[in-house]
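Visitor: Hi, I have a protein model open and would like to walk through it with you. Could you show it here so we can start?

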Amino acid sequence: MCNCFNLFQNSIKKKEILNIIEKINTPFWLYDIKMIYKKIKLLNNFDIIRFAQKACSNINILKLMKKKGVKIDAVSLGEIERAIQSGFSIKENDIVFTADIFDQETVDKITKFNIPVNIGSIDMLHQLGKISPNHDIWIRINPGFGHGHNKKTNTGGNNSKHGILYPKKILKIIKEYGFNVIGLHMHIGSGVNYEHLQKVCNSMLHQAYSLNIDISSISAGGGISVPYKDNENHVDINHYFSLWNKTRKKIENYFGHHVNLEIEPGRFLVAESGILICKIYTIKKTDKYTFILVDAGFNDLMRPILYGSYHKITILPQKNRNIDYSETKKVVIGGPLCEAGDIFTQNKNGNLEERDLPLVEIGDYLIFHNTGAYGASMSSIYNSRPLIPEILYENNSFKIIRKKQTIHDLLKLENSIIKI
């Protein structure tokens with residue numbers, strides 16, 4: 001494990017981080033917009049890049065993505081509202097709503113603004129069709145198999161709640177309500193395995209032929225992985241695109257016209273743009289482990305406790321302290337929550353995993369890398385801990401793009417009792 005200070009290819013310096021800490025204290029999220037732009041550029045061969053907003057939903061980042069031509073995949077009413085507030089158009093196919101159920105408030109919003117829906121269940125077709133016949137839809141197909149870096153991120157096969165397993169069953173319903181089918185969508189989970197990817201491409205081709213609906217688009221879904229560990233490689237995007245492009249061309253030949261190829265990245269665009277910075281408050285030992293406890297908990301960064309996910313952790317020493325990186329110690333890193341599971345270094349089974357860190361002191365800082373995806377967006381207020389600030393590095397300056405939540409903010413929704 002490398003414990004040297006190296007952020008975003010050295011675009012952000014140690015002194016700058018320490019200056020931020022002096023002004024707002026820890027913990028906080030920090031994003032480098034250049035990294036997001038770099039990732040967007042890598043996907044420019046695709047006709048449409050549709051960001052899976054759930055990965056990082058701050059409206060200030062969404063606004064900057066829009067300037068680069070990115071469109072939005074929303075999975076809730078709140079995400080639709082975020083997209084609209086960020087400037088995405090409801091008239092230019094900027095927003096697609098993806099879900100497996102409708103609640104009334106959401107379906108009312110969708111029909112009012114005629115937002116295309118990526119349909120994940122048969123019941124949704126009836127709900128939408130009765131209110132908004134002839135609506136624009138996608139069909140989210142469950143191909144009968146899945147793949148993911150964790151069983152909780154596998155979104156295909158019989159164990160998955162997502163998508164329609166036998167889409168031929170819905171052809172009659174589509175005709176009944178006069179739906180306009182824009183395209184077919186297929187996503188089997190997070191993490192790229194080229195063998196599985198080829199199976200998805202083959203399944204998309206089969207479904208396009210079998211359903212024989214004259215579509216204008218296909219979606220390759222998302223789940224493009226990023227290297228969380230130093231020994232992991234980046235996905236070969238050119239190879240990824242070529243597999244899908246070959247599939248698209250066959251579908252184009254079948255229908256006799258151009259078919260848009262969409263990609264729906266989430267973590268790929270934002271994971272490597274973000275870090276979580278926290279402070280060491282306690283170093284304590286048991287007979288078996290040395291625990292380093294910091295001021296960020298799983299209410300802030302949930303991925304380690306939810307999936308056993310690995311995040312590279314490096315040390316940022318307090319001012320005027322030199323670190324001997326040649327001398328390390330095995331440690332377990334945890335947070336302040338009143339939960340035994342509030343541990344950042346654990347595997348998918350919940351077992352503790354030690355990391356090698358230089359000899360740290362109370363008052364030093366730790367940096368959790370590649371937290372731009374499913375970091376802030378999955379945060380909670382568990383233990384009545386307010387949401388922490390988000391900071392954006394853009395044009396050589398730092399901007400707070402979400403203020404730290406206060407205890408007053410937490411309590412104000414509970415201070416007014418309303419009789420119903």
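Visitor: Thanks! What does helix α9 lie across?
Guide: Helix α9, which covers residues 237-255, lies across strands β8 (217-219) and β9 (260-263), and the helix runs at about 145° to β9. Please keep in mind that this is a predicted model.

Visitor: OK, and in what order do the strands close into a barrel?
Guide: Eight strands close up in the order β2-β3-β4-β5-β6-β7-β8-β9, with parallel pairing. From one strand to the next, the twist averages 30°.

Visitor: Over how many bridges do β5 and β6 pair?
Guide: Strand β5 (residues 117-119) and strand β6 (residues 136-140) pair in the parallel sense over three bridges, and Val117 has Ile137 in β6 as its bridge partner. As a general point, strands of a sheet pair through backbone hydrogen bonds, either parallel or antiparallel.

Visitor: Changing topic: how many salt bridges are there?
Guide: The count comes to 15 salt bridges. One of them joins Lys319 to Glu22, with the closest N and O atoms 2.9 Å apart. This pair links distant parts of the chain, since Lys319 sits in the loop between β12 (313-316) and β13 (328-334) while Glu22 is in helix α1 (residues 14-24), 297 residues apart.

Visitor: And which side chain does Glu81 meet in a salt bridge?
Guide: The side chain of Glu81 meets that of Lys109, at 2.9 Å from N to O. Glu81 belongs to helix α4 and Lys109 to helix α5 (residues 104-113), so this salt bridge ties together parts that are 28 residues apart in sequence.

Visitor: Is Lys109 buried or exposed?
Guide: Lys109 is buried, with a relative accessible area of 17%, whereas Glu81 counts as partly exposed at 33% relative accessibility.

Visitor: What about Glu79, which charged side chain of opposite sign is nearest there?
Guide: That is Arg82, but it is 6.8 Å away, and Glu79, although buried, has no salt bridge. A salt bridge needs the side-chain nitrogen within 4 Å of a carboxyl oxygen, so Arg82 at 6.8 Å does not qualify.

Visitor: Then what is Glu79 in contact with?
Guide: Glu79 lies in helix α4 (residues 77-85), and, leaving aside neighbours within four places in sequence, Glu79 is in contact with Gln53, Lys54, Asp73 and Ala74. For Lys54, the backbone nitrogen lies 3.4 Å from a polar atom of the Glu79 side chain.

Visitor: Last one: which residues are linked in a network of salt bridges?
Guide: Asp47, Arg248 and Glu252 are linked in such a network.

How values were computed: Residues numbered from 1 in each chain as written. Predicted model: local features only at pLDDT ≥ 70, side-chain atom pairs only at ≥ 80, totals over all residues. Heavy atoms only, no water. Helix = DSSP H or I, 4+ residues; strand = E, 2+ residues; numbered from the N terminus. Buried < 20%, exposed > 50% of the residue type's maximum accessible area, 1.4 Å probe, protein only. Lys, Arg positive; Asp, Glu negative; His and termini not counted. Polar contact = N/O pair within 3.5 Å; in protein donor to acceptor, adjacent residues only side chain to side chain. Contact = heavy atoms within 4.5 Å. Pairing = 2+ DSSP bridges. Axes fitted to C-alpha atoms, helices over the stretch in contact; angles between N-to-C directions.
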